[in-house]
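Dear colleague,

Please find below the structure I am handing over to you. I would be grateful if you read my notes with the structure open beside them.

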Amino acid sequence: MSEVNIHIRRSLFKEDYVEKAISFLKKNVKGQVLVAFSGGKDSIVMYEIVKRSKIPFRLSHSITTIDPPEVLRFIKENYPECEFCKSKHSFWKMTLMSNPPLLGKRWCCTALKKKPSWKYPEKERILGIRREESSRRNNYPEINYFEKLGHTHYYPIIDWKEWQVWEFIEKNNLPYLSLYDDENFSRSGCIICPFNSFKINQINKEKWPGYYKIWEKIVYKWYLKRVEQGRTMVYPSAETFLQAWYNQEATKWYEKDQKERSLFGDLDLKKESRDA
Ligand code: SF4
């Protein structure tokens, strides 16, 4: 295909994907919606699409207590209408009350991100999820219904590629997080996260050493507490647990898994989905 044809096809597609996202919302959303706003690049685009679709909305960010401070500053400066919600306890306190979140056994997305937003009356919610982000998200429908909560989630930019997100931001001169200008940071999520690779943890530790100091202190405290409670730990020390955690190799905390249970009652550690 010639350069000109590639350009024409790309331009046509470009117009198409923005219009498609707007008409998707206009066609499907019925009343006031809640827009879950992380402050990341996908959220910025999604906010603009929602605004252009002219549907009434509430903008909300869930404070996880392990957000990069740059993210909260960015939201406050550029999106003053954004509301903030927060769980009763911090990530640190919940880790002590329960267990450190593991890759396959997480409680934090539900407890810190989703649950605080359940206080809002809006049953229809918009999220900036994209299929390209993970193999699990690749199988997502454009509209998801969560029966237990009666919530319907809409994903208007689900098929967008990363280049489309950046193109839209640049073309519309939208403000974005300065963290993205640093080649080490491609995402704006929680500083401490079981999804972080060893390398990402090293980079984050250098940038936000205070968070890692607290994290390691909390893990030591949690480990001692569990030993005092008579648990048989899989890892012989807090240090070896932390090492395995940083390497994404920690799959359980105790030798006897039948005792594993979330202390938060309704949060099922094994079934947690990032997006409900
Ligand atoms: S992004 Fe990571 S650390 Fe943050 S709530 Fe979700 S799993 Fe937990």
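The notes below go from the overall fold to the sheet, the helices on it, the ligand site and some individual residues.

Please bear in mind throughout that this is a predicted model. The protein comprises ten helices and six strands. Of its 276 residues, 29% are buried. If one takes the contacts between residues at least 6 apart in sequence, 71% of them join residues at least 24 apart.

The sheet

Six strands form an open sheet in the order β3-β2-β1-β4-β6-β5, and the pairing within it is mixed. Its edges are β3 (83-86) and β5, each of which pairs on one side only. On average, neighbouring strands of this sheet are turned by 30 degrees against each other, with direction ignored. In general, the strands of a sheet pair through backbone hydrogen bonds, in either a parallel or an antiparallel manner.

At one end of the strand order, β5 (residues 143-146) and β6 (residues 151-154) are antiparallel and are joined over four bridges. Two of the positions concerned can be located readily: Ile143 has Tyr154 of β6 as its bridge partner, while Asn144 stands opposite His153 in β6. The hairpin made by these strands has four residues between them, and Gly150 adopts a positive phi near 70 degrees there.

Helices on the sheet

Two helices that pack on the sheet deserve mention. Helix α2 touches β1 (33-36), β2 (57-63) and β4 (124-126), and its direction makes about 160 degrees with that of β1. Helix α5 (residues 108-117) touches β1, β2 and β3, and its direction makes about 150 degrees with that of β2.

Helix α2 covers residues 41-53, which is 13 residues. From its first C-alpha to its last, this helix reaches 19 Å, close to the 18 Å expected at 1.5 Å a residue. Its buried residues are Lys41, Asp42, Ser43, Ile44, Val45, Met46, Tyr47, Ile49 and Val50. The helix is followed by Lys54, which has a positive phi near 60 degrees.

There is also a link between helix α1 (residues 3-28), where Lys26 is placed, and a residue further along the chain. The C-alpha atoms of Lys26 and Ser53 are 6.0 Å apart in space, with 27 residues separating the two in sequence. Lys26 counts as exposed because 12 other C-beta atoms lie within 10 Å, and the cut-off for that class is 12 or fewer.

The ligand site

Which residues are found around the ligand? They are Thr64, Pro101, Arg106, Cys108, Cys109, Leu112, Lys113, Gly189, Cys190, Cys193, Pro194 and Phe195. By character, this shell divides into eight nonpolar, two polar and two charged residues.

Backbone angles in the loops

Two further residues may interest you for their backbone angles. Thr65 has a positive phi of about 75 degrees although it is not a glycine. Thr65 is situated in the loop between β2 and α3 (69-78), and is partly exposed, with 18 other C-beta atoms within 10 Å.

Asn173, likewise a residue other than glycine, has a positive phi near 55 degrees. Its place is the loop between α7 (162-171) and α8 (198-207). Asn173 is exposed, since it has 6 other C-beta atoms within 10 Å.

Yours sincerely

Note on methods:
Residues are numbered from 1 along each chain as its sequence is written. This is a predicted model: local features need pLDDT of at least 70, side-chain atom pairs count only at pLDDT 80 or more; totals for chains, interfaces and linings use all residues. The expected span of a helix is 1.5 Å times one less than its number of residues. A residue is buried if 20 or more other C-beta atoms lie within 10 Å of its own, exposed if 12 or fewer, and partly exposed in between; C-beta atoms are placed from the backbone. A residue is near a molecule or strand if its C-beta atom, placed from the backbone, lies within 6 Å of it. Ala, Val, Leu, Ile, Met, Phe, Trp, Tyr, Cys and Pro count as nonpolar, Asp, Glu, Lys and Arg as charged, and the others, Gly among them, as polar. Two strands pair if DSSP finds at least two bridges between them. Axes are lines fitted to C-alpha atoms, for helices over the stretch in contact, and angles run from 0 to 180 degrees between N-to-C directions. Two residues are in contact if their C-beta atoms, placed from the backbone, lie within 7 Å.
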